[in-house]
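Here's a quick walk through a protein–DNA model, starting at the DNA and working inwards. Have the sequence and the 3D view open as you read.

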Number of protein chains: 2
Amino acid sequence: MMKINKLAEQSGVSAKTIRYYEEIGLLPAAVRAQNGYREYGQSSLDLLCFVRRCRDLQIPIDSIRKLVKVQAFGSAPCKEVEQIVRDQLHNVRSTIMELHLLEEDLARLASSCEEQNVSKCQILRSLQTPSIPEC
Amino acid sequence: MMKINKLAEQSGVSAKTIRYYEEIGLLPAAVRAQNGYREYGQSSLDLLCFVRRCRDLQIPIDSIRKLVKVQAFGSAPCKEVEQIVRDQLHNVRSTIMELHLLEEDLARLASSCEEQNVSKCQILRSLQTPSIPEC
DNA sequence: ATAAAGCTTCCTGTTACTGGAAGGTCAAGC
DNA sequence: GCTTGACCTTCCAGTAACAGGAAGCTTTAT
């Protein structure tokens with residue numbers, strides 16, 4: 001049995017965040033000692049580590065909630081699990097592609113300014129005169 | 001002269017967001033007609049388009065605020081402008097690198113599940129038994 | 001005995017908006 | 001003249017996922 005800071009240390013999730021997870025119902029309410037302190041055992045640690053690894057993969061809390069239920073009850077089809085992971089993979093790939101476009105634009109901007117005088121600053125000029133003529 | 005929805009349409013920024021920008025002081029308070037409606041001219045459109053292009057580049061509002069001031073007063077050194085763009089470029093590149101690591105992990109996960117039975121689901125197993133032994 | 005550390009709850013703040021309610025205004029159609 | 005619908009206003013709440021900090025207990029160490 002351990003208290004919240006020990007669990008935090010072992011899991012790599014802050015005590016603050018552990019309380020938050022409990023509050024939103026991602027983790028079950030912790031058992032309390034006589035003094036009101038939360039008490040945790042190995043199974044709490046296992047569950048929290050699972051959650052942490054999901055968060056490391058940027059899987060949203062709502063999806064983790066589903067995964068936790070699947071784990072707990074063993075009732076949902078494996079397909080659902082796979083779908084969550086695939087959705088997340090898709091999100092990540094889209095974000096990467098968008099960021100690459102962004103990167104190009106920024107790199108072009110960053111290299112475009114040689115002037116010391118702000119009134120001739122090529123960066124500001126570029127931002128004023130869009131390459132994308134939408135606006 | 002135009003009202004807020006026209007400005008929204010021309011700039012590609014929603015009316016809601018325009019009011020929000022005014023509220024936080026990113027845009028100056030709009031001139032009001034007798035009925036209290038906001039009135040905008042070409043210069044408002046120009047400024048808002050500038051802001052929108054910065055946001056398209058994911059430059060944070062606080063940085064845009066600086067850029068707007070630089071534009072308005074022409075007083076800050078060009079270096080400051082360049083630094084904001086370079087900082088943003090740096091952020092974007094870091095994010096891209098992190099996301100590539102994420103992508104690998106997720107792709108490995110997504111391809112690892114062949115079972116129909118959730119109790120043998122390789123995805124859940126992987127999430128339970130970390131490849132990174134931190135936890 | 002006292003101080004420091006650890007625990008509790010509760011409230012606020014973060015980023016950049018979005019949604020919605022309640023209510024005033026304006027132009028068109030009957 | 002009246003109504004209907006579109007457009008405008010302000011204000012309040014919610015989003016995601018926590019982090020920071022205050023106020024007040026308990027436990028542990030000196």
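Start with H2(B), which supplies 3 residues to the surface near DNA strand C, the most from any element. Helices here are DSSP runs of H or I with at least four residues, strands are E runs of at least two, and both are numbered from the N terminus. "Near" means that a residue's C-beta atom, placed from the backbone, lies within 6 Å of the molecule or strand.

A word on ground rules. This is a predicted model, with local features needing pLDDT of at least 70 and side-chain atom pairs counted only at pLDDT 80 or more, while totals for chains, interfaces and linings use all residues. Residues are numbered from 1 along each chain as its sequence is written, and chains are lettered from A and ligands numbered from 1 in the order in which they are written.

**The DNA surfaces**

Which residues come nearest to DNA strand C? Of the 16 residues around that strand, they are A:Lys3, A:Asn5, A:Arg38, B:Asn35 and B:Pro60. The elements giving two or more residues to this surface are helix H1 (4-11) and helix H2 (15-23) of chain A, plus helix H2 (15-23) of chain B.

DNA strand D also has 16 residues around it, and the closest are A:Pro60, A:Ile61, B:Lys3, B:Asn5 and B:Arg38. Here the elements with two or more residues are H2 of chain A along with helix H1 (4-11) and H2 of chain B. H2(A) gives the most, with 3 residues.

By class, the surface near DNA strand C breaks down into 6 nonpolar, 5 polar and 5 charged residues. For DNA strand D, the split is 6 nonpolar, 5 polar and 5 charged. In this scheme Ala, Val, Leu, Ile, Met, Phe, Trp, Tyr, Cys and Pro are nonpolar, Asp, Glu, Lys and Arg are charged, and the others, Gly among them, are polar.

**Chain A overall**

Chain A has 6 helices and 2 strands, and along the sequence they run α-α-β-β-α-α-α-α. Of its 135 residues, 27% are buried. A residue is buried if 20 or more other C-beta atoms lie within 10 Å of its own, exposed if 12 or fewer, and partly exposed in between, with C-beta atoms placed from the backbone. Among chain A contacts with a separation of 6 or more, 43% join residues 24 or more positions apart. A contact means that the two C-beta atoms, placed from the backbone, lie within 7 Å.

A:Gly41 sits in the loop between strand S2 (38-39) and helix H3 (42-56) of chain A. Is A:Gly41 buried or exposed? It counts as exposed, because A:Gly41 has 12 other C-beta atoms within 10 Å.

**Two helices crossing in chain B**

Two packed helices are described by the angle between their axes and the distance between the axes. For H1(B) and H3(B), the axes come within 10 Å and cross at roughly 45°. The two helices are therefore oblique to each other. On the H1(B) side the contact is made by B:Leu7, B:Gln10 and B:Ser11, and on the H3(B) side by B:Ser44, B:Leu45, B:Leu48, B:Cys49 and B:Arg52. That contact has 4 nonpolar, 3 polar and 1 charged residues.

The axes are lines fitted to C-alpha atoms, for helices over the stretch in contact, with angles from 0 to 180 degrees between N-to-C directions. Under 35 degrees is roughly parallel, over 145 roughly antiparallel, 65 to 115 roughly perpendicular, and the rest oblique.

**Isoleucines in chain B**

B:Ile59 is in the loop between helix H3 (42-56) and helix H4 (61-73) of chain B. B:Ile59 is buried, because 21 other C-beta atoms lie within 10 Å. Not counting residues up to four places away in sequence, B:Ile59 touches B:Cys54, B:Ile64, B:Ile84 and B:Gln88.

B:Ile84 belongs to helix H5 (residues 78-110) of chain B, and counts as buried because it has 22 C-beta neighbours inside 10 Å. With the same sequence neighbours left out, B:Ile84 touches B:Ile59, B:Ser63, B:Lys66 and B:Leu67. B:Ile61, in helix H4 of chain B, counts as partly exposed because it has 14 C-beta neighbours inside 10 Å.

Some C-alpha distances to check in your viewer:

| Pair | Apart in sequence | C-alpha to C-alpha |
|---|---|---|
| B:Ile59 and B:Gln88 | 29 residues | 6.3 Å |
| B:Ile84 and B:Ile59 | 25 residues | 8.1 Å |
| B:Ile61 and B:Leu106 | 45 residues | 32 Å |
| A:Gly41 and A:Met2 | 39 residues | 6.5 Å |
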